[in-house]
Amino acid sequence: MRDCSGLSEFKRILLLVPIILSLGCANLGPMLTESNQPYHFRKTRWGYTPERVLLAESGKRLFLRKGNTLVFNHHISNIPVKIVYTFKDDRLRAAGYITTQPVQGAENIIKRSVEELGEPTQILNDGMLWLNNETLIYSNAYISRVQTSIAEYNLSGGILSHILEAREEAGVINRWDGVWAYVDQNFYKELHEVRLPLDELSFYEKHLFGVLKRNTIYTYVTGSGRISVPDQLPVN
């Protein structure tokens, strides 16, 4: 059976656009280019060629150049991420930051996006959206790895529940994945005319759109070793 959850989520985001646009445009505070045109992402604009993006990121270490994709190493709040640029016909159409492995603290990507962009235009079940006339921005972080070790005691609020801050359970380590994506509105609107929009997206673009997410794995550390169990078993 084909897993259509990614497609359903993608269609749900598509249907939100008319509502979101009616709410107004977010103030994204962009920097200006030499021609007084605002940058869309970092020091690039939609339609840039790969060579022009390479020039804009000349101080960054190139991690991957393959097909219609450029990937650079980067950090956000000390969290290792990749800067991703995707193209079609040598024209930039989407970009952003993604984690390539579960890490502790990746939820800070969400905090950083709100600090820079302000309140989101729309809050989704699994992320946030900002929009203006040229760019759609999506930010999300989720727990993708949970490691639990056997502990004799666990922390509880007790009579101090009303003054203690929320904290993780004793013996539990959570690791996160995150995405902070910028998408050309023209590209996004074109997807409305595509019968199978997921087929139009590359592997990295599916990550940027949030329709491809890592499965959550639970690892239990016992006296006899480690046991890892996926949150959801594959559908036959």
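**Exercise 1.** Which residues are linked with Glu 200 in a network of salt bridges?

*Solution.* Keep in mind that this is a predicted model. Let's go pair by pair.

- Step 1: Start at Lys 88, which forms a salt bridge with Glu 200, the closest N and O atoms being 3.1 Å apart. Lys 88 belongs to strand E3 (residues 79-88) and Glu 200 to helix H5 (residues 197-200), 112 residues apart.
- Step 2: Now take Arg 93, whose salt bridge with Glu 200 has its closest N and O atoms 2.9 Å apart. Because Arg 93 sits in strand E4 (residues 91-98) and Glu 200 in helix H5, this pair ties together parts 107 residues apart in sequence.
- Step 3: Put the network together: Lys 88, Arg 93, Glu 200 and Glu 205 are its linked residues.

**Exercise 2.** Sort Lys 88, Arg 93 and Glu 200: buried or partly exposed?

*Solution.* The cut-off to apply is that buried means under 20% relative accessible area.

- Step 1: Arg 93 has 9%, so this residue is buried.
- Step 2: Lys 88, at 39%, is partly exposed.
- Step 3: Glu 200, at 25%, is partly exposed as well.

**Exercise 3.** Find the elements that give two or more residues to the lining of the largest cavity.

*Solution.* Here we turn to the empty space.

- Step 1: There are 2 cavities of 30 Å³ or more, and the largest holds about 110 Å³ of space.
- Step 2: Its lining has 13 residues, and those closest to the centre are Tyr 142, Gly 178, Val 179, His 207 and Leu 212.
- Step 3: The elements sought are strand E7 (135-149) and strand E8 (172-184).
- Step 4: By class, the lining has 5 nonpolar, 5 polar and 3 charged residues.

Technical notes
Residues are numbered from 1 along each chain as its sequence is written. This is a predicted model: local features need pLDDT of at least 70, side-chain atom pairs count only at pLDDT 80 or more; totals for chains, interfaces and linings use all residues. Side-chain values use heavy atoms; hydrogens and water are left out. On a 1 Å grid over the protein atoms alone, a cavity is a set of points where a 1.4 Å probe fits but cannot get out, and a pocket is an open set with protein on both sides within 12 Å along at least five of seven lines; lining residues have an atom within 4 Å of a point. Grid points are joined across faces, edges and corners, and a volume is the space filled by probe spheres set on the points. Helices (H or I, at least four residues) and strands (E, at least two) are DSSP runs, numbered from the N terminus. Ala, Val, Leu, Ile, Met, Phe, Trp, Tyr, Cys and Pro count as nonpolar, Asp, Glu, Lys and Arg as charged, and the others, Gly among them, as polar. A salt bridge is a side-chain nitrogen of Lys or Arg within 4 Å of a carboxyl oxygen of Asp or Glu. Buried means under 20% relative accessible area, exposed over 50%, partly exposed in between (1.4 Å probe, protein chains only).
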